[in-house]
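This briefing is intended to be read with the sequence and the model side by side. Please keep both in view while working through the points below.

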Amino acid sequence: MVLQNSVDLEGLEDPGDKKFQRTHVKKLEKAKNSVFGEICKEICSNPDNHAYVCQHYFQSKKTITKEKLGLWLETVCTILDDFCFPWLVKADDDIEALNNEKITDQNKIIDLQNKQIQKQEEQLFEVKTTVGSRSESNRL
């Protein structure tokens, strides 16, 4: 998808049932850099960061039209609303599911450990019973 102001949103998509992947972060970063790059072209030639661009903008005599500012704002909001937020919600859901799975697995491990302890206690009792009966028969 490419908006009117030539910001590259290609490859960005709603998560749907997909798992969160790092490639999506790179696509978001590319879209963000595309918006920022377009802003930089209008304001200054070689910015280092967002703060520099803002500072340079206020020092420059250039005027940016409300239409262009609105388009940039719309683009950034589109990136956030349509791509970032849905993926953050999806990532949060995935994390919650993984945490629940981890809790379930840990409960299974605890149950198995309890069974193992119970089995060892039964075996120890059998050994005590066997040793106790042998020592009683040796006394006779």
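The notes that follow treat confidence, overall fold, the nonpolar core, a salt bridge and a surface patch in turn.

The structure is a predicted model. Its chain has 3 helices and 0 strands, and the order along the sequence is α-α-α. Of the 140 residues in the chain, 24% are buried.

**Confidence**

- The mean pLDDT of the chain is 78, and 69% of the residues reach a score of at least 70.
- Confidence varies along the chain: helix 3 has the highest mean, at 87, whereas helix 2 (residues 50-59) has the lowest, at 65.

**Helix 1**

- Helix 1 contains 22 residues and covers positions 22-43.
- From its first C-alpha to its last, helix 1 reaches 31 Å, close to the 32 Å expected at 1.5 Å a residue.
- The buried residues of helix 1 include the polar or charged positions His24, Ser34 and Glu38.
- Also buried in helix 1 are Leu28, Ala31, Val35, Phe36, Ile39, Cys40 and Ile43.

**The largest nonpolar core**

- Ten positions make up the largest nonpolar core, which has 10 residues: Leu28, Ala31, Val35, Ile39, Ile43, Ile64, Trp72, Ile79, Phe83 and Cys84.
- Two elements, helix 1 and helix 3, each give two or more residues to this core.
- Helix 1 supplies the largest share of the core, with 5 residues.

**Two core residues of helix 1**

- Is Val35, a residue of helix 1, buried or exposed?
- Val35 counts as buried because its relative accessibility is 4%, which is under the 20% cut-off.
- The C-alpha atom of Val35 lies 9.4 Å from that of Leu73, although the two residues are 38 positions apart along the chain.
- Leu28 is likewise placed in helix 1, and its relative accessibility of 14% is the reason why Leu28 counts as buried.
- Between Leu28 and Phe83 the C-alpha separation is 7.8 Å, with their positions 55 residues apart in sequence.
- Leu28 and Phe83 both belong to the largest nonpolar core.

**The salt bridge**

- How many salt bridges does the structure hold? There is 1 salt bridge in the structure.
- A salt bridge links Asp94 with Lys90, and their closest N and O atoms are 3.6 Å apart.
- Both partners are located in helix 3, where Asp94 and Lys90 are 4 residues apart, about one turn of the helix.
- Asp94 and Lys90 are both buried.

**A nonpolar surface patch**

- Which residues make the nonpolar surface patch of about 340 Å²? The patch is made by Val76, Leu80, Phe85 and Leu88.
- Val76 is placed in helix 3, which spans residues 66-139.
- Val76 is described as partly exposed because its relative accessible area is 35%, a value between the cut-offs of 20% for buried and 50% for exposed.

**Points to carry forward**

- Helix 3 contributes to the largest nonpolar core together with helix 1, and helix 3 also holds both Asp94 and Lys90.
- Helix 3 is where confidence is highest, at a mean of 87.

Key
Residues numbered from 1 in each chain as written. Predicted model: local features only at pLDDT ≥ 70, side-chain atom pairs only at ≥ 80, totals over all residues. Heavy atoms only, no water. Patch = residues over 30% accessible without salt bridge, like charges linked within 9 Å, V, L, I, M, F, W, Y side chains within 5 Å. Areas by Shrake-Rupley, 256 points an atom, 1.4 Å probe, with all protein chains shown as cover. Salt bridge = Lys/Arg side-chain N within 4 Å of Asp/Glu carboxyl O. Buried < 20%, exposed > 50% of the residue type's maximum accessible area, 1.4 Å probe, protein only. Core = buried A, V, L, I, M, F, W, Y, C linked by side-chain atoms within 4.5 Å. Expected span 1.5 Å × (residues − 1). pLDDT = per-residue confidence, 0-100.
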